[in-house]
Amino acid sequence: MSKENDASCTGTPGRDSYARHMPRHRLINKIFILSVTLALIIPMLNLYVIFHSLTNLLTDNAQVEAIRLGNHLSGMLIRNDEELTHAHVSEVMSLHGHSLLHDFQLMKLKVFSPTGEILYSTSKEDIGTFNKESNFHAIVARGNSYTSVVKKDAPSREGQTVKADVVETYVPIMQGDRFLGAFEIYYDISTRNQALHDFIVRSSMVILMVMTAFLVTIVFLIVRSEGKTENPYLGGLPRRYSSPFYLIFLITAAIFITDTAVMIITGAFPHLTLITKALFDATLLVLFVSPVLYFFMLRPLLLHIKELGLAQAQISRMSLYDELTNLPNRSLFQDRLRQALAHAERYEGKVGVLFLDLDNFKRVNDIFEHRRGDTILKEIAGRLTSSLRSSDSVARQQEDESMPTIARMGGDEFTILLSQLRSSQDAIRVAKRIISVMATPFIVNSQELFISASIGIAISPVDGKDVDILIKNAHAAMYHAKKKGRNNYQFYEGSMNSTAYRRLILENDLRRAIDSEEFTLYYQPRIDIRSGRVVALEALIRWLKPGGAVISPMEFIPVAEESGLIIPIGEWVLRNACEQMKAWHDDGMQDLCVSVNISGHQFQKENLAATLSRTLAAVQLDPKRVELEITESIMMKGGEDALSILQALKEMGVNLAMDDFGTGYSSFSYLRQFPLDTIKIDKSFIRDVTSSKDTKAIVEAIIAMAHRLQLTTVAEGVEQEDQLEFLRRKGCDEIQGYLMSPPVPPKEIPALLGQLSGKAGVKP
């Protein structure tokens, strides 16, 4: 009876214990189901939701980078209102194109003309072809950017198969509302996509493995303890696992890869207190979870953010600093000048702007390659910086406002900002220091090269209170310094604006005159000094403005050369002179030839010979009846290129004359190299030939040496009888000047030829 009671008594607690532990069993099942669900959902969520979102973000970032890069390069390519040309685009992009591929992980970079022609491409085989993309004219030509994602081995929008995942972006080149062309930028995102994919896969695999380890651990403990207790469902799991809080902690620990270690250690040491276990779990969390989070999740994300930050910083710096000299560019200089002017206006101070332009620096680029010129520009920037740092520091970042800022405005132009100027003497002191430091020769190819600078100074508020006005006035003062002989400094004067305004008006009128054909040609005869026969007529341009006003060539030719208008003017002179000479030949004056002056800009153009050949063919004029006059200085500056141009012209059959001989290099050794026919002695020698012994000796030497080289000598500017007699005695071949005739219109030439017949001949 007692045993039955005992048995019954002992059996009741077992059933009660089983009943009490049933919720725990269900809890473990829920944990198992939750673990499996998380193990399946989280990787899928990473791969199909997070990965897709980050991929779109990567594409958007690539598009933003492409647009910013395109806008920056547009500022480098756009110049005035001119169209983009192969030469200009190639010159600019050759300095930056291949470095951009590496710095910004670009696969390809193209530059299109408005018609879709490829002006530049990092793949040279693309140059000269046309864009086949249908949206080029529909979207890009209207000033809108256009982006598409192209997968590896798929065709791009142009039909070309790409070798990597790329973001293909069209960025228009705009100047106001005017479409000048476009960039096509291929961003290579294969590496970034692969890094992003690896990041997602690693995080998914880590979570999957951690959750699987957690599940395997629970199953292992249950199986190991099965049959050893009266509760086969709970097995040997410690009592503390029945706490919902700790169960949640176990799930968290499983996600952070520490669950297995915690279960093993707590199973090996069951008598550890709850506080000890909590501290131990926290320690494991720090030791094991932190590296996992960093290396598999946080570090790839930080590297990507850092990469984007570096690219953004580089683009921002390119937009504010000159890439060659590392000095602030025009934009940053104007911003600092604006701040300095605001500060000066508030505290009634002064601000000085020095505008510096290198003298004859174009000659350096003509003689040496542009790479040497860039090296010199960098050294000049260093000298300017160090010269100001001798007493002040250069404001590179945000430093003391009293410190000067040096900026490169472009080409060989630099500006210096002197904020909180005490007096004009401070500006003079800086200008003298710059001129002094520039006096030290530069070493190029083991040769000493001297480069001077002209400096213009403008001081606010006297010379202007606005950024643009102050820079413009300093620029005008710089030009005044050049007119004063270069290698000096000049302060701005109010009259300079009126002079600059007159030059601007003259340039505008000159452009209109070309279209309206307001020019005409006068002709001055060149006479054989022995026979008195007119042998040539020199074509001299005259500008007849509406109303009868005549503009001297001495006034408008320099403006035409500076503005580049001398090219169309020179071609007009050459064409009209040849047409007039052909008309005279048809009228019976077949022994005459026409002499045409060639400017330096015309001579340096590669198509001078082609232009002349087309002109002669069009008017059907014998090349032997055309003589081209080229100044001595132009020939000397051209070097070997000048020799090749002269040889090409000579092969056409035209005559070549060296004009203004004696005013430049005056080296007889060059006369043997150039294929010349005539030397024209400059009128400055003829003017003093009867009053100066030295001038007489020079003219005699020129005539004697020219005859030794079988060259014809022509004396310009003959105005007196005694000059004519001297030249006749010394054997000069031909004369030209007001003594015989001033330049006259074409209609007066036939009568003039009759009057001059025999006038300069040998007297009986």
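Contact here means heavy atoms within 4.5 Å. The model is predicted.

**Figure 1. Overview of the chain, with 23 helices and 21 strands.** The chain has 764 residues, and 44% of them count as buried. Take the contacts between residues at least 6 apart in sequence: 65% of these join residues at least 24 apart.

**Figure 2. Helix α15, residues 566-586.** This helix has 21 residues. From first C-alpha to last, α15 reaches 30 Å, close to the 30 Å expected at 1.5 Å a residue. Its buried residues include I566, I567, I569, G570, W572 and V573. L574, A577, C578, M581, W584 and H585 are buried too. Just after the helix, G588 takes a positive phi of about 105°.

**Figure 3. The largest nonpolar core, with 79 residues.** F519, Y523, L628 and L727 touch the most other members. Helix α15 gives the most to this core, with 10 residues. Another core, of 32 residues, lies apart from it. Among the residues of that other core are L377, I434, V444 and I455. In soluble globular proteins, nonpolar side chains tend to be buried together.

**Figure 4. Packing of α15 against α17, residues 608-619.** The two axes come within 10 Å and cross at roughly 30°. Angles under 35 degrees count as roughly parallel, so α15 and α17 are roughly parallel to each other. The crossing is right-handed. On the α15 side, the contact residues are E571, L574, R575, C578, E579 and K582. They meet T611, L612, T615, L616 and V619 in α17. Of the α15 residues in this contact, L574 and C578 are among those listed as buried.

**Figure 5. Packing of α8, residues 330-347, against α12, residues 467-483.** The axes of this pair come within 10 Å and cross at roughly 110°. Angles of 65 to 115 degrees count as roughly perpendicular, and α8 and α12 are therefore roughly perpendicular to each other. F333, Q334, L337, R338 and L341 come from α8. Their partners in α12 are V467, D468, L470 and I471.

**Figure 6. Surroundings of C593 in strand β16, residues 593-597.** C593 has a relative accessible area of 10% and is buried, because buried means under 20%. V626 is 33 residues away in sequence, yet the two C-alpha atoms are 5.6 Å apart. Leaving out residues up to four places away in sequence, C593 touches V535, A536, L537, M581, K624, R625 and V626. M581 belongs to the buried residues of α15.

**Figure 7. Surroundings of Q160 in the loop between β3 (146-150) and β4 (166-175).** Q160 is partly exposed, with a relative accessible area of 27%. Leaving out residues up to four places away in sequence, Q160 touches K108, K110, D126, A154 and P155.

**Figure 8. Backbone features at P461, R486 and Q620.** The peptide bond from S460 to P461 is cis, with omega near 5°. P461 lies in the loop between β11 (453-460) and α12. R486 is not a glycine, yet has a positive phi of about 65°. The loop holding R486 runs between α12 and β12 (489-491). R486 is partly exposed, at 37% relative accessibility. Q620 also has a positive phi, near 60°, and is a residue other than glycine. Its place is the loop between α17 and β17 (626-631). With a relative accessible area of 63%, Q620 is exposed.

Definitions and conventions: Residues numbered from 1 in each chain as written. Predicted model: local features only at pLDDT ≥ 70, side-chain atom pairs only at ≥ 80, totals over all residues. Heavy atoms only, no water. Helix = DSSP H or I, 4+ residues; strand = E, 2+ residues; numbered from the N terminus. Expected span 1.5 Å × (residues − 1). Buried < 20%, exposed > 50% of the residue type's maximum accessible area, 1.4 Å probe, protein only. Core = buried A, V, L, I, M, F, W, Y, C linked by side-chain atoms within 4.5 Å. Axes fitted to C-alpha atoms, helices over the stretch in contact; angles between N-to-C directions. Parallel < 35°, antiparallel > 145°, perpendicular 65-115°, else oblique. Left-handed = near helix turned anticlockwise from the far one by under 90°.
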